[in-house]
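User: Please take a close look at the ligand site of this model and its surroundings, and then follow the chain outward to whichever other places deserve a careful reading.

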Amino acid sequence: MKAQEKGTILTGDRPTGRLHLGHFVGSIQNRLELQKEDAPFFYMIADAQALTDNAHDPKKVSDNVLEVAIDNLACGIDPKKTTMFIQSQVPEIAELAMYFQNLVTVSRLKQNPTVKTEIKQRGFGESIPVGFLAYPISQAADILAFNASRVPVGEDQLPVLEQANEIIDTFNRIYGQTFARIKGITGTHGRLMGIDGNAKMSKSLNNAIYLSDSAKELERKVMLMYTDPMHIHVSDPGEVKGNVVFSYLDIFDPNKSEVAELKKQYKKGGLGDVVLKRRLIGVLNTLLDPIRARRAELEKDPAAVLAILKKGSADARKEAVKVLAHVKSHMHINYFG
Ligand code: TRP
């Protein structure tokens with residue numbers, strides 16, 4: 001492995017809801033792969049970032065801290081290998097974000113494609129909370145307070161990471177070489193469609209399958225999945241492109257040759273949607289059953305999960321304090337040594 005591929009890894013989730021299959025495909029699978037490496041790995045629950053557009057609903061954010069921690073643990077994130085921490089418990093991140101704010105213009109933030117889309121989705125109009133507009137700056141601080149260089153994220157986050165690299169370049173130019181540029185690591189399958197055929201699975205679009213959905217809930221959702229509206233009778237030829245069931249089988253079904261065969265049959269006619277949906281339900285239950293079982297165990301002992309986050313937050317803070325001392329020396333603000 002190349003030396004640069006050994007850099008510190010940092011990733012995170014906003015605690016605004018339970019995680020779904022889109023998170024799994026976009027980021028969690030990569031986290032599990034990267035966790036096998038022998039590199040420092042930080043996993044952050046971005047509660048401060050979640051508050052940038054949920055300031056009036058703090059309970060929603062704090063309740064979901066435990067939920068996303070449990071989702072990640074249930075998927076196989078191992079606190080022995082990965083430092084799991086809560087963003088607000090490492091105030092050095094906020095401090096670094098404050099210094100970074102001086103290096104970014106408001107107009108540049110407004111051009112960030114991710115932020116632009118999210119502002120539209122949230123219907124802020126002209127009333128955009130400053131913290132929300134500036135979250136890419138604070139996200140750069142999340143990463144750089146740990147000198148991380150590899151960041152597993154969903155595709156939609158790439159413009160945020162691009163903005164972080166601009167901050168890095170500007171910082172290094174002004175204060176001398178301090179930070180290495182960062183690299184986003186996205187899932188190999190691109191974005192996961194919603195069950196309604198929308199290009200993106202998301203809680204706000206109400207088209208998500210959650211990692212914590214029961215087998216019964218999963219079945220209900222798969223049965224609702226968008227297929228081909230012209231495929232009315234089993235004997236009709238069907239369309240594979242844009243068909244949610246096939247797009248999921250492509251990603252989750254380990255038997256690629258059988259899926260190829262099913263596509264052929266479907267296009268020709270004679271293969272019913274229900275048969276395909278039953279197959280997909282089986283495939284997804286195979287994936288989710290062990291995750292559900294681990295979740296059930298973790299839910300029995302929330303205090304143990306909190307203890308993991310408490311220890312992780314203390315460890316993460318130690319690291320951030322070290323990095324900040326170094327950064328502040330480059331900024332000529334380490335007055336007392
Ligand atoms: N913005 C990310 C998301 O919505 C969550 C996040 C916060 C994050 N800070 C991060 C991801 C730092 C990677 C690195 O998914």
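Analyst: What follows begins at the ligand and then moves to other parts of the chain.

The model is a predicted one, and the values below are computed from its atoms. The space that the ligand takes up is the largest pocket. Around the ligand there are 13 residues, and those that come nearest are Met 44, Gln 49, Gln 139, Asp 142 and Gln 157. By character, the shell around the ligand consists of six nonpolar, five polar and two charged residues. Two elements, strand E1 (9-13) and helix H8 (135-144), each supply at least two residues of that shell.

The polar side chains give the site more detail. An N or O atom in the side chain of Gln 49 lies 2.7 Å from a nitrogen atom of the ligand, and for the side chain of Asp 142 the distance from an N or O atom to a nitrogen atom of the ligand is 2.7 Å. For Gln 157, a side-chain N or O atom is found 3.0 Å from a nitrogen atom of the ligand. Taken alone, the ligand would expose 360 Å², and the protein buries 89% of that area.

Helix H8, which helps to form the shell, is itself mostly covered, with nine of its ten residues buried. Among the buried residues of H8 are Gln 139 and Asp 142, both of which also belong to the group that comes nearest to the ligand. Tyr 135, Pro 136, Ile 137, Ala 140, Ala 141, Ile 143 and Leu 144 of H8 are buried as well.

Arg 14 links several of these pieces. Arg 14 is found in the loop between E1 and helix H1 (21-35), and it counts as buried because its relative accessible area is 19%, where the cut-off for buried is under 20%. The side chain of Arg 14 makes a polar contact of 2.7 Å with the side chain of Gln 49, a residue whose own side chain has an N or O atom 2.7 Å from a nitrogen atom of the ligand. A second polar contact, of 3.0 Å, joins the side chains of Arg 14 and Tyr 135, and Tyr 135 is one of the buried residues of H8.

A further side-chain contact involves Thr 114, whose place is in helix H6 (residues 113-122). Thr 114 has a relative accessibility of 7% and so counts as buried. A polar atom of the Thr 114 side chain lies 2.8 Å from the backbone oxygen of Asp 156.

The loop between strand E5 (183-185) and helix H10 (215-224) contains Thr 186, and Ala 199 is found in the loop between E5 and H10 as well. Thr 186 has a relative accessible area of 26%, and therefore it is partly exposed, whereas Ala 199, with a relative accessible area of 54%, is exposed. Thr 186 and Val 245 are 59 residues apart along the chain, and their C-alpha atoms are separated by 22 Å. For Ala 199 and Val 130, which are 69 residues apart along the chain, the separation between C-alpha atoms is 29 Å.

Asn 206 also has its place in the loop between E5 and H10, and it is exposed because its relative accessibility is 70%. Its backbone deserves attention, since Asn 206 has a positive phi of about 55 degrees although it is not a glycine. Most residues other than glycine have a negative phi. A positive phi of about 65 degrees is likewise found at His 332, which is not a glycine either. His 332 is found in the segment after helix H14 (302-330), and with a relative accessibility of 63% it counts as exposed.

Within helix H14 lies Leu 306, which is partly exposed because its relative accessible area is 49%. The C-alpha atoms of Leu 306 and Phe 85 are separated by 9.8 Å, while the two residues are 221 residues apart along the chain.

To return to the ligand, the picture there is of a molecule that takes up the space of the largest pocket and has 89% of its exposed area buried by the protein.

Technical notes:
Residues are numbered from 1 along each chain as its sequence is written. This is a predicted model: local features need pLDDT of at least 70, side-chain atom pairs count only at pLDDT 80 or more; totals for chains, interfaces and linings use all residues. Side-chain values use heavy atoms; hydrogens and water are left out. A residue is near a molecule or strand if one of its heavy atoms lies within 4 Å of it. A polar contact is a pair of N or O atoms within 3.5 Å; within protein, one must be able to donate a hydrogen and the other to accept it, and residues adjacent in sequence count only if both atoms are side-chain atoms. Accessible areas come from the Shrake-Rupley method with a 1.4 Å probe; for residues, only the protein chains shown count as cover. On a 1 Å grid over the protein atoms alone, a cavity is a set of points where a 1.4 Å probe fits but cannot get out, and a pocket is an open set with protein on both sides within 12 Å along at least five of seven lines; lining residues have an atom within 4 Å of a point. A molecule sits in a cavity or pocket if more than half of its atoms lie within 2 Å of its grid points. Helices (H or I, at least four residues) and strands (E, at least two) are DSSP runs, numbered from the N terminus. Ala, Val, Leu, Ile, Met, Phe, Trp, Tyr, Cys and Pro count as nonpolar, Asp, Glu, Lys and Arg as charged, and the others, Gly among them, as polar. Buried means under 20% relative accessible area, exposed over 50%, partly exposed in between (1.4 Å probe, protein chains only).
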